[in-house]
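Let's take a walk through this structure together, starting with a single chain and then turning to the place where two chains meet. Please keep the viewer open as you read.

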Number of protein chains: 2
Amino acid sequence: MSVTTNRQVLLTESPSGKLEVGHFRLHPAPMPVPAEGEVLLRVRYLSLDAANRAWMQGATYRAAVESGSVMAGHALAEVVESRAQGLTAGDLVFADTGWQEYAALPAKGLQPLPRLEPLTHLLSVYGIAGLTAYFGLLEIGRPKAGDTVVVSAAAGSVGSLVGQIAKIHGARVVGIAGGPAKCAALTGELGFDAAVDYKAGSLYKDLKAAAPAGIDVYFDNVGGDIFEACLFQMNLHGRIACCGAVSQYDGKPPAHGPRGVPGLIVTKRLTLQGFILHDFMPRSGEALAELQKWVAEGRLKVKEDIVDGLENAPAGLVGLLAGENLGKRMVRVS
Amino acid sequence: MSVTTNRQVLLTESPSGKLEVGHFRLHPAPMPVPAEGEVLLRVRYLSLDAANRAWMQGATYRAAVESGSVMAGHALAEVVESRAQGLTAGDLVFADTGWQEYAALPAKGLQPLPRLEPLTHLLSVYGIAGLTAYFGLLEIGRPKAGDTVVVSAAAGSVGSLVGQIAKIHGARVVGIAGGPAKCAALTGELGFDAAVDYKAGSLYKDLKAAAPAGIDVYFDNVGGDIFEACLFQMNLHGRIACCGAVSQYDGKPPAHGPRGVPGLIVTKRLTLQGFILHDFMPRSGEALAELQKWVAEGRLKVKEDIVDGLENAPAGLVGLLAGENLGKRMVRVS
């Protein structure tokens, strides 16, 4: 009976403050039936991303997730039935399936993926995280050899790759992360030059000690206080790549922004640039080729944090927003 | 007797809040005597700039003005005696003379100026204001024909030129200024498409009405609330040229920065870039050629606001910070 029934996770309430597991509900649904031009997809791995939380607020590059509807999310999925040309059963795709076991979607708009091992790399280093790290660092941050590069959420899916790619380009790399275990992973296994534990309570001082020559490139994943601390330690003509503001997703919008804006931007002649990966997708081929080479050479280590079972997706996202993951978090659905 | 005595304006106290006339003192001093390699300069016109106030805080691109010393300032000056090669009596130069009638300075580091009429244009459209407007708008803001360009402090020395240069490049131009008289000058004589009076108390609404298609380029001279209001109305891929933060010079540093940083920078993929003219000086020739052409063609109108007498420089600067000038404010010293 189980294969004839779909399971979904609904967002039952748009959270105005901290996201909780109670904002979601598991919901049995009929098996979707693909129409002409559509395929039936079975979700293999669901990607969990800080952006999922931002989507609930609506003020992003996509429509808000309405309460009562299937929670939005990207997945690595397999075609189980095709009523469209160009895709056949067994093909792998990257799709906006939402949080459910099965989805029927138009074939147009699905992104076919190669079959490689481990499959999970398609959601981490060869997925949104890897491409975001690659283009955000190299096109927006533009580090030169010898520059000091600082990245926040450094133990996360994007940050862990940003730091390693900056090292490959000859930069001195400082990661900001929460807790001694993550910091140890950064300077140990991942080869960062220094790590700053923002939970230690002395962010300004620790950052200054870790980046004594100031900051040339700051890759910002978090916004808020950490953004401000880095802003004050930027060097002349420094670049800030604005990738996300996870500190501000999970609560009410902040009453005020960081001090030093725009005063320090002028006196230090800084460039702050926001980006989303979408704008770089036409160039994903070149990035994937480089990323595969670095992984094959052992220069880029890929950290993944896999949660088992669709029913654990809500707790997985809540934990991600609290910073409990090391590397790319995803949910193994089937 | 008068020519044998120099008069200076000293900064007697570094203001921590609002700058007042009482922070300055007129001071008689001996006539400076040029050493070998120096020239004796007679100040003709002293430039008043919002940056003068920022220099008192120290946190800029030059050393702070110490209390008890001659107030720092740029001037258009004439050589009255030369003990250096390359400069002779009667030559005009742009110099960091400070607020005084005479200064003896090394010839090296002085910028020779052509003799043209009116001389005051050397401090306005062909001086720092004109070059700042030119490079800041065209290199940092990069407006395309049809873009909506918004400029703050629009009736000031830089802003009045930014708007007109944007019009020459085919943009729709909105100026933000204080009071109905300035706004009328913007949309009348200076040819702006719309003006917003920030003192009218409905900045967000008025800005939305004046820029119904959103903002593609914002040229920021002020920071603070106006910066924030513009940030929220930027279009995707918009550019903010950060030229100054005059709203934040004349008081204690603000407790917080603008909301929307960095969240909106990400979702709207904005670029914020700070600059100072110094970085573009090697290219001043090309800018001056264009500016002279536009002035000659009557396409660029130059507003100047001339205060008479060195003793009125303090009141002139205090008034400039309160926004009482229309166009480039300077002091006629001799």
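What follows describes a predicted model, beginning with the fold of one chain.

Chain A is built from 9 helices and 15 strands. Its radius of gyration is 20 Å, close to the 20 Å that the globule rule gives for 334 residues, so chain A is as compact as a globular protein of that length. If you turn chain A along its principal axes, the C-alpha trace spans about 60 × 45 × 35 Å.

Now bring both chains into view. Chain B and chain A each bring 35 residues to their contact. Together they bury an area of about 2500 Å², and carbon and sulfur atoms give 64% of that area. Which three residues of chain B supply more of its buried area than any other three? They are B:Pro262, B:Val266 and B:Arg269, which account for 23% of what chain B buries against chain A.

The polar side of this contact deserves a look too. Between chain B and chain A there are 2 salt bridges. One to find in your viewer joins the side chains of A:Arg269 and B:Asp279, with 2.9 Å from N to O. The count of residue pairs in polar contact between the chains, with both residues at pLDDT 80 or more, is 8. On chain B, the elements that give two or more residues to the side touching chain A are α6 (224-231), β12 (234-242), α7 (263-267) and β13 (271-274). The residues on that side of chain B divide into 17 nonpolar, 14 polar and 4 charged.

Strand β13 is a good place to zoom in. Residues 271-274 of chain A form this strand, and it pairs with β13(B) in the antiparallel sense over 3 bridges. To get your bearings, look for A:Thr271, which stands opposite B:Gln273 in β13(B).

Finally, a few details of the backbone are worth a stop. Most residues other than glycine have a negative phi, and most peptide bonds are trans. Where does the model depart from that pattern? In chain A, the peptide bond from A:Val261 to A:Pro262 is cis, with omega near 0°. A:Pro262 sits in the loop between β12 (234-242) and α7 (263-267) of chain A. In chain B, a cis peptide bond runs from B:Glu117 to B:Pro118, with omega near -10°. You will find B:Pro118 in the loop between β7 (111-113) and α2 (128-141) of chain B. B:His237 is a residue other than glycine with a positive phi, near 65°, and B:His237 lies in strand β12 of chain B.

Methods
Residues are numbered from 1 along each chain as its sequence is written. Chains are lettered from A and ligands numbered from 1 in the order in which they are written. This is a predicted model: local features need pLDDT of at least 70, side-chain atom pairs count only at pLDDT 80 or more; totals for chains, interfaces and linings use all residues. Side-chain values use heavy atoms; hydrogens and water are left out. Contact means heavy atoms within 4.5 Å. Buried area is the accessible area (1.4 Å probe) that two parts lose on being put together, summed over both. A salt bridge is a side-chain nitrogen of Lys or Arg within 4 Å of a carboxyl oxygen of Asp or Glu. A polar contact is a pair of N or O atoms within 3.5 Å; within protein, one must be able to donate a hydrogen and the other to accept it, and residues adjacent in sequence count only if both atoms are side-chain atoms. Helices (H or I, at least four residues) and strands (E, at least two) are DSSP runs, numbered from the N terminus. Ala, Val, Leu, Ile, Met, Phe, Trp, Tyr, Cys and Pro count as nonpolar, Asp, Glu, Lys and Arg as charged, and the others, Gly among them, as polar. Two strands pair if DSSP finds at least two bridges between them. The radius of gyration is taken over C-alpha atoms; the globule rule is 2.2 Å times the number of residues to the power 0.38.
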